[in-house]
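Please look over the chain shown here. The report below starts with strand pairing and then moves to packing and the surface.

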Amino acid sequence: MISNILVILAAGMGIRYGTEVPKQFTLLLGKEVLRIVLETMIPSEFTDRIIVVLDNEERMKLVKTEYDVDVILGGKDRAHSFQNALSYINNSYKDATKVIFHEAARPLVSSEVIDTYFTLLNQYDYVETCQEITDSLGSYILESPKREDFYLIQAPEAYRINILNKFFDCDSSIYFAANQFPKECKGYRYFNVPNNIKLTKPEDKYLIEFLLKQQSNDI
């Protein structure tokens, strides 16, 4: 039975990255970013199926041919790509109960993190990846914001599918899905994903490559 599904969001254009090729198809240490993410995620012990959300049908064919994954077309933005994946799961894997959404632009997340999130969903409605804020905060709204009152939210993000079906709205102005949920939904803030750097600007490439080399040397 297909119960646990991992979605890789790889349909973005990566405008801030500043290259003609979307950043998820640029090279890190000679490998495409998406390839690195898939090779890292495939060994996950608890993932029953991987779905990759892509930006065009040509890339869909290439990824489908090379990997044993499902591929679907993305939407006009991240939220609609998210919804496309959720709709696909509801239509194709009706027994699925848990889903994790990850971004191809974050290639340093381990499959062990994914397995941890699937396990946490046995107790929680959702799991959010969080990072503490270490810099001082300024605000246009608050007079003296305290960094202890805030934290960063990143991918991966994990959900019970029935909760997403009930509360997620891809047209909402609220960006993060779990922030659309009512307070009675039970969430877990996970602060232990080290080096979860997103490939956003060209200078990020060099740091991620350095950390990938370190990971390789540690194996």
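Strands S1 (4–9) and S4 (49–54) run parallel and are joined by five bridges. Helices (H or I, at least four residues) and strands (E, at least two) are DSSP runs, numbered from the N terminus. Two strands count as paired if DSSP finds at least two bridges between them. Across from valine 7 stands isoleucine 51 of S4. S1 also pairs with S6, again in the parallel sense, over six bridges. There, leucine 9 has glutamate 103 of S6 as its bridge partner.

This is a predicted model, in which local features need pLDDT of at least 70, side-chain atom pairs count only at pLDDT 80 or more, and totals for chains, interfaces and linings use all residues. Residues are numbered from 1 along each chain as its sequence is written, and side-chain values use heavy atoms, with hydrogens and water left out.

**The covered strand**

How many residues of S1 are buried? Six of its six residues are, so S1 is mostly covered by the definition used here: buried means under 20% relative accessible area, exposed over 50% and partly exposed in between, with a 1.4 Å probe and protein chains only. In a regular strand, side chains alternate between the two faces of the sheet. In S1, Asn4, Leu6 and Ile8 point one way. Ile5, Val7 and Leu9 point the other way. Both sets are buried.

**Two cores**

A nonpolar core is a set of buried Ala, Val, Leu, Ile, Met, Phe, Trp, Tyr and Cys residues joined through side-chain atoms within 4.5 Å. The largest one holds 30 residues. Ile8, Leu34, Leu38, Val52, Leu54, Val63 and Tyr117 touch the most other members. Two or more residues each come from S1, helix H1 (33–41), S4, helix H2 (57–66) and helix H4 (111–120). H4 gives the largest share, five residues. Apart from this core lies another, of 27 residues. Among its members are Ile5, Val53, Leu164 and Phe181.

Valine 52 shows the packing in the largest core. Contact means heavy atoms within 4.5 Å. Leaving aside neighbours within four places in sequence, valine 52 is in contact with Ile8, Ala10, Leu34, Leu38, Val63, Val69, Asp70, Val71 and Ile72.

**Helix H4**

H4 is largely enclosed by the rest of the structure, because seven of its 10 residues are buried. These are Ser111, Val113, Ile114, Asp115, Tyr117, Phe118 and Leu120. They pack against S1, H1, S6, S7, S8 and strand S9 (187–190).

Arginine 106 sits in the loop between strand S6 (98–103) and H4. Is arginine 106 buried or exposed? It counts as buried, because its relative accessibility is 10%. Beyond residues up to four places away in sequence, arginine 106 touches Val37, Gln154, Ala155, Asn196, Ile197 and Lys198.

**Phenylalanine 101 and a cis bond**

Phenylalanine 101 is found in S6. It is buried, with a relative accessible area of 0%. Leaving aside neighbours within four places in sequence, its contacts are Val7, Leu9, Phe82, Ala85, Ala155, Pro156, Glu157, Tyr159 and Leu164. The C-alpha atoms of phenylalanine 101 and tyrosine 124 are separated by 16 Å. Those two residues are 23 residues apart along the chain.

Two of the contacts of phenylalanine 101 are Ala155 and Pro156. A cis peptide bond joins alanine 155 and proline 156, with omega of about 5°. Proline 156 lies in strand S8.

**Loops and surface**

Two residues other than glycine have a positive phi.

| Residue | Phi | Loop | Relative accessibility |
|---|---|---|---|
| Leucine 29 | near 55° | between strand S2 (27–28) and strand S3 (31–32) | 44%, partly exposed |
| Asparagine 195 | about 55° | between S9 and helix H6 (202–218) | 42%, partly exposed |

Which residues form a nonpolar patch on the surface? They are Leu137, Tyr140, Ile141, Leu142 and Phe150, with about 630 Å² of accessible area together. Patches are made of residues with over 30% relative accessible area and no salt bridge; like charges are joined within 9 Å, and nonpolar side chains (Val, Leu, Ile, Met, Phe, Trp, Tyr) within 5 Å. A salt bridge is a side-chain nitrogen of Lys or Arg within 4 Å of a carboxyl oxygen of Asp or Glu. Accessible areas come from the Shrake-Rupley method with a 1.4 Å probe; for residues, only the protein chains shown count as cover. Phenylalanine 150 lies in the loop between strand S7 (126–132) and strand S8 (151–160). Phenylalanine 150 counts as partly exposed, because its relative accessibility is 37%.
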